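Here are a few exercises on how the parts of a protein chain fit together. Grab a pencil, try each task, and then check the worked solution.

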Amino acid sequence: MAELQELTQVIIKGNRAEAKRLTQAAIDAQVPARQVLDALVAGMDEVGRRFQRNEVFVPEMLIASRAMKEAMALLEPMLVKAGIKPEYIAVIGAVQGDLHDIGKNLVAMMWRGANFQVVDLGTNVPAEKFIAAVKEHRAQVVGLSSLLTTTMPAMQATVKAIKDAGLGSLKVVVGGAPITQDFAKEIGADGFSPDAAGAVDLVRKLLAA
Amino acid sequence: MTTQGSLTGRERVNRMFARQDQDRIPRHESFWPETITRWQEEGLSGEQSDVLDLLESDFGQVTWMWPSPFRGQGRTIQQDASTRVVRDEHGKLARYWKNKSGTPEHLGFDCDSREKWEQVYKPALLNTGLQVDVHAAKRAFRRARELGQWAYVAGVESFEQTRTMMGDEITLMGMMEYPEWIRDVSVTCTDVMLRNLDAIVAEGVHFDGLWTYGDMAYNHATMCSPATYRELIWPDHKRLAMWAHAHNMKFIYHTDGDINGVMDLYVEAGFDCIQPLEAKANMDIRTLCPKYGQQLAMFGNCNVMKYATNDRAVIEEEIRAKLEAGKKTRGYAYHSDHSVPPQVSWETYQFIIDLVKRYGKY
């Protein structure tokens, strides 16, 4: 449908007013909620791909995420009515000792844009709080962020505590400025993403496997 | 200790900028406060300045400038055992560790609309008077000259100032939606900085360089696109570089992150030097020097993540490779690629100093 393609395009452009207008028009026209959701997610997926290719940058990603969020607020009741649930449930936070929130917020934003339910625990999160949130929300993935070299040991300790807690098939993914694939492997994380957009594909791959 | 060998620190750095022969590469370093604390427990006798003396740093800071709209009006709102929440003099509400360093958790930004900027923050910035102690700067400058150091004034440029006042989200979304607002903030912050710099020079403090701080990138790319940077911030960076050159000074720009996409713009703006060239963010002087080494001096790039391994072979290879690459242009100064973290032992850092001295000779 041309209207849904247009909806995808306005999400990519971060045009919040048009995103809300087109979403409401689709709801009014009784377009199935799943189709509207797919159009919105397709927009954010494209923003993520362009971000990874350095064709768009953080400002464009922020305004696209905001347009998505406002459109989703309109669509939410329709999704509930249709029994459509989030694709995955994720818990995210910056590890204990780290007060940085920028990178973590971008990942949360991209996950929400991919129709994940995200429980954001904020910054300076102790391992036991991650574990409790995973249990409470029955999360399938937990994301740990660390921006400083000084908090990398806390990330290692948190991964170990989560793994030791025996939370079934839960996947632990990590990221942050000093974090590398090698470090992620060394501390026993299930996955690493160098950027926020990549964190979406990472979770989809890990949980589809 | 800046008169080792035949050159003073000032002469050495000036010759580096001129791509002339030097006895050794110039040196400087930054540290996390926790690193110095660890080293003191491991036998360091003294403070950070004593480590810089051991390294034989060539650089002397005259003053530090971070213009704010409400100078001296920061206050603690609440606190617990380990953190305190502060409304700072930039209007930012942030949570800080009491006994640790690091970037604070940003809780809120009062300057959240163009109206508030125009009615409150802009007038406050323009009306707060001088934001530097010119007499202290004069004393520090005299001291740097006595020590033969390359004397610089450090300051925060307009992008970092904007983010500090308005936060990342408002600033970055504003770049897309209200570019003329962000441009106005950048111009105003730069005007205030230039006014302060003029005041320092008017006191007879003819320092050697302006070292400007503004993290405009992260480990993957610049925060905004090169085109957005060119339109909104770059004209003010160019103004700062031109001011420095008009006063016979050099312009050093500090930014963390991956700045490969804007190196050409830095050259076009007339920057003289880039620091610290973060290795984990894809910056590598082995590729940058051949391409930009004649226009831009390179300052840093030795990977602190390798330092943090405390593995002597790994560290020696890092320092040897980076210093050899830098020396080829005669336009290179030693610095790590960020700040030395507390994972690095005092024993390891003394080894690093030895390596820098050994491989840094011409």
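Keep in mind that this is a predicted model.

**Exercise 1. Find the domains of chain A and say how many residues each one brings to the contact.**

Step 1: Start with the bounds. Domain 1 of chain A covers 2–81, and domain 2 of chain A covers 89–208.
Step 2: Check the spacing. The two centres, taken over C-alpha atoms, sit 25 Å apart.
Step 3: Count the residues in contact. Domain 1 of chain A gives 13 residues and domain 2 of chain A gives 13 residues.

**Exercise 2. Work out how much area the two domains of chain A bury, and which residues of domain 1 lose the most.**

Step 1: The size of an interface is often given as the accessible area lost when the parts come together, so that's the number to look for.
Step 2: For the domains of chain A it is about 1000 Å², with 70% from carbon and sulfur atoms.
Step 3: On the side of domain 1, Met44(A), Gln52(A) and Met61(A) lose the most area, together 36% of what that side buries.

**Exercise 3. Decide whether the side chains of Asp45(A) and Arg204(A) form a salt bridge, using their N to O distance.**

Step 1: The cut-off for a salt bridge is 4 Å.
Step 2: The N to O distance here is 3.3 Å, and the pair counts as a salt bridge.
Step 3: Across this interface, one salt bridge is found.
Step 4: Now see which elements build the side of domain 1 of chain A that touches domain 2. Helices α3 (33–52) and α4 (58–81) of chain A each give two or more residues, and α3(A) has the largest share, with seven residues.

**Exercise 4. Describe how the domains of chain B meet.**

Step 1: Domain 1 of chain B comes in two stretches, 9–69 + 113–359, while domain 2 of chain B is 70–110.
Step 2: The contact uses 18 residues from domain 1 of chain B and 11 residues from domain 2 of chain B.
Step 3: Together they bury about 1300 Å², 52% of it on carbon and sulfur atoms.
Step 4: Look for charges: Asp110(B) and Lys116(B) join in a salt bridge at 3.2 Å, N to O.

**Exercise 5. Classify the aromatic pair of Phe59(B) and Trp150(B), and say which strands hold the two rings.**

Step 1: The ring centres are 5.7 Å apart, with 75° between the planes.
Step 2: Planes over 60 degrees apart count as edge-to-face, and that is the class of this pair.
Step 3: Phe59(B) is in strand β1 and Trp150(B) in strand β6 of chain B, so the pair ties together parts 91 residues apart in sequence.

Note on methods. Residues numbered from 1 in each chain as written. Chains lettered and ligands numbered in written order. Predicted model: local features only at pLDDT ≥ 70, side-chain atom pairs only at ≥ 80, totals over all residues. Heavy atoms only, no water. Domains from an automatic or database assignment. Contact = heavy atoms within 4.5 Å. Buried area = accessible area lost by both parts, 1.4 Å probe. Phe/Tyr/Trp six-rings, centres within 6.5 Å; stacked < 30°, edge-to-face > 60°. Helix = DSSP H or I, 4+ residues; strand = E, 2+ residues; numbered from the N terminus.
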